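This report covers model confidence, pockets and the contact between chains. The structure comes first, and the notes follow it.

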Amino acid sequence: MIGFKSTLIGFKTSLFEIENLYLFPGNLYLLAGKNGTGKTTFLKTIMRTVPLHGGSIQIKGTDLKIIESSTLPLLVAFVESRFVGIPFLSLKEYIALGRAPHTNAFGRLTPKDNEKVDEVISLLNLSSYQDKFTDELSDGIRQLGAIARALVQEAPILLLDEPTAFLDFENKDLLMRTLKEIAVSQNKCIICSSHDLDLSIELALPTLAVSSEENKLILLDSPLNKQQIIGLIC
Amino acid sequence: MMKRRILFYLLLATILLLVFSILHIFVGQISLSSSDFFRAVFKNGNYSNEEILMREFRIPRLLMAIVAGGGLALAGMLMQTLFNNPLAGPYVLGINSGSSLLVALSILTGSTFLGSELSLVFSAIVGAFIFGLLILLFSLSVKSHLSLLLIGLMLGSFTSALVSILEMGAGAEQFKAFAFWGMGSLQQIELSQIPLLMLTFLGSIGASFLLVKPLNMLVIGENSAVMLGLSLRKTRILVIAVTALFTGLITAFCGPIAFVGLAVPNITKLVFRTQQHTWLILGNVLIGALFLVVCDVLIQSLESVIHLPLNALTSIIGAPFVIFILLKKVR
């Protein structure tokens with residue numbers, strides 16, 4: 001699904017290298033690494049908002065460089081670490097914006113678009129909040145809303161940049177479990193950066209660790225314990 | 001439920017606009033009857049004095065108020081959404097300084113090429129577009145809402161300095177013409193210019209409707225919008241171009257009008273409680289037009305007591321409103 005070959009990640013200088021790595025659908029990958037090691041840069045490189053520093057990335061067999069700007073949102077969806085909410089924008093309208101890559105030049109929602117939006121809203125149990133304005137919701141609900149927006153995009157790849165950073169323990173737990181369920185049930189390839197190593201070990205997530213010694217991204221298929229990850233990234 | 005609220009306010013604004021437009025036409029020192037109005041509109045030639053007054057002054061002035069109010073409000077909405085800044089507007093960001101500068105150049109230097117009416121409008125639009133791009137360029141490296149406004153104000157001061165240098169070098173005749181333009185008025189439009197005015201106005205509204213999808217996407221922030229496939233460069237240029245059309249057109253005919261473009265989009269959003277730009281465009285045109293027509297009715301009915309310049313009245317209402325928004329929204 002996503003293939004890396006001698007990929008260099010970095011903005012001005014190279015932060016780390018990915019030698020040879022393939023990520024597959026049906027998995028939730030945890031992206032672990034210390035602050036400043038380039039986790040966000042890595043995700044943004046796949047989104048093409050940060051240029052590729054070297055090597056190549058392939059998405060569904062196509063080189064990332066030659067994918068049309070209008071096609072990329074159909075392949076990859078992105079969730080930022082925090083959505084602060086916008087006055088007078090209802091949760092449902094916000095989620096429906098995720099259909100933008102599918103709608104026509106006027107952004108008109110077809111019955112099929114509305115169906116998808118409703119489906120995702122009920123999947124994430126957001127029905128009772130859908131008509132509330134996004135600035136009046138709690139952080140947890142808003143973050144679920146952001147994920148809903150990414151899901152209605154129907155992209156096979158989902159990238160999340162520390163989505164649990166501003167959540168309490170209960171919401172963190174709920175969010176990670178939901179993501180894992182979605183990865184399996186909708187056969188998506190999900191990469192989620194996070195510092196919550198305990199939770200990922202509990203959920204037995206395959207972990208992408210930025211090794212700070214070698215400056216490389218290494219895939220641990222199912223890490224046995226926290227020390228193994230910490231040993232790598234610190 | 002939400003839609004019903006919006007439709008109610010759209011209807012209310014339309015009715016109020018109609019009522020105040022009728023009031024606007026018949027308020028004034030010389031009283032005119034409704035039959036004067038209909039004869040002035042439908043008769044061909046041989047007009048009486050009353051009909052001429054109606055044709056040459058009252059109707060153009062009303063249309064100008066509607067176009068200026070609706071257009072500036074819409075220009076303000078476009079700026080606010082593009083810069084994601086509730087304090088943006090064509091006046092505070094110095095977009096109409098651009099118009100002023102080019103109009104000053106064409107009037108004060110008395111160049112024959114730029115002297116004609118059409119090219120006056122054209123140079124005002126070009127000026128607005130250049131300054132729009134300039135502000136856009138600054139906005140790329142400035143993150144804070146307030147810094148961008150300060151840059152807009154500086155652009156304004158810089159331009160007025162340039163204009164006063166131009167004024168010093170100009171002849172008495174040109175100086176008078178420019179001073180007259182600069183005072184800001186709804187009365188300078190002539191009957192023959194109405195088609196050009198209306199065509200550009202309606203065209204710009206149409207163009208705004210074509211921008212609804214990118215505008216709705218920009219609400220969630222540039223970064224998120226881009227990741228949903230928005231072409232940022234194209235959107236920016238188009239939004240600036242439409243804003244320049246509105247601002248340049250209106251500034252060419254009325255001179256600079258302050259605060260309408262800042263206050264009305266905020267009022268519209270507070271009343272409509274939506275971020276859907278289809279509704280916001282309609283709302284801004286109606287409420288903006290209503291705002292300026294009401295202002296002008298006020299000016300006309302107070303004319304015997306006190307002469308209120310248009311720009312003074314909009315500033316008196318608009319400036320406190322900016323402070324109100326600063327206190328409420330931007331901390």
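How do the residues of the lining of the second largest pocket divide into nonpolar, polar and charged? There are 13 nonpolar, eight polar and nine charged residues in that lining. The rest of the report places this pocket in context.

## Model and confidence

The model is predicted. Chain A has an average pLDDT of 91, and 99% of its residues reach at least 70.

Confidence varies among the elements of chain A: the highest mean pLDDT, 97, belongs to helix α3 (residues 91–96) of chain A, and the lowest, 77, to helix α8 (residues 226–233) of chain A. Where pLDDT is low, the predicted coordinates should not be read in detail.

## Second largest pocket

The second largest pocket holds about 1200 Å³ of space. Its lining is made up of 30 residues, and those nearest the centre are Glu93(A), Leu109(A), Met2(B), Gln276(B) and Trp279(B). Two or more lining residues come from each of α3 of chain A and, in chain B, α1 (2–26), α10 (212–218) and α14 (277–301). The top contributor is α10(B), with four residues.

Helix α3 of chain A, one of the elements supplying this lining, is also the element of chain A with the highest mean pLDDT.

## Largest pocket

The largest pocket contains about 1400 Å³ of space. It has 43 lining residues, with Phe83(B), Asn84(B), His145(B), Val219(B) and Gly221(B) nearest its centre. By class, 20 of the lining residues are nonpolar, 14 are polar and nine are charged.

Both chains supply elements to this lining. From chain A, β6 (76–79) and α5 (139–152) each give at least two residues. From chain B, the elements that do so are α3 (49–83), α6 (117–141), α7 (145–169), α11 (222–227) and α13 (260–272). The element giving the most is α3(B), with four residues.

## Contact between the chains

Which residues of chain B lose the most area to chain A? Before the names, the totals: chain A and chain B bury about 1900 Å² between them, with 66% of that area on carbon and sulfur atoms. On the chain B side, Lys213(B), Met227(B) and Leu228(B) lose the most area to chain A, and together they account for 37% of what that side buries.

The contact involves 24 residues of chain A and 20 residues of chain B. The number of salt bridges between the two chains is zero.

Definitions and conventions
Residues numbered from 1 in each chain as written. Chains lettered and ligands numbered in written order. Predicted model: local features only at pLDDT ≥ 70, side-chain atom pairs only at ≥ 80, totals over all residues. Heavy atoms only, no water. pLDDT = per-residue confidence, 0-100. 1 Å grid on protein atoms, 1.4 Å probe; cavity = no way out; pocket = protein on both sides within 12 Å on 5 of 7 lines; lining within 4 Å. Points joined across faces, edges and corners; volume = space filled by probe spheres on them. Nonpolar A, V, L, I, M, F, W, Y, C, P; charged D, E, K, R; others polar. Contact = heavy atoms within 4.5 Å. Buried area = accessible area lost by both parts, 1.4 Å probe. Salt bridge = Lys/Arg side-chain N within 4 Å of Asp/Glu carboxyl O.
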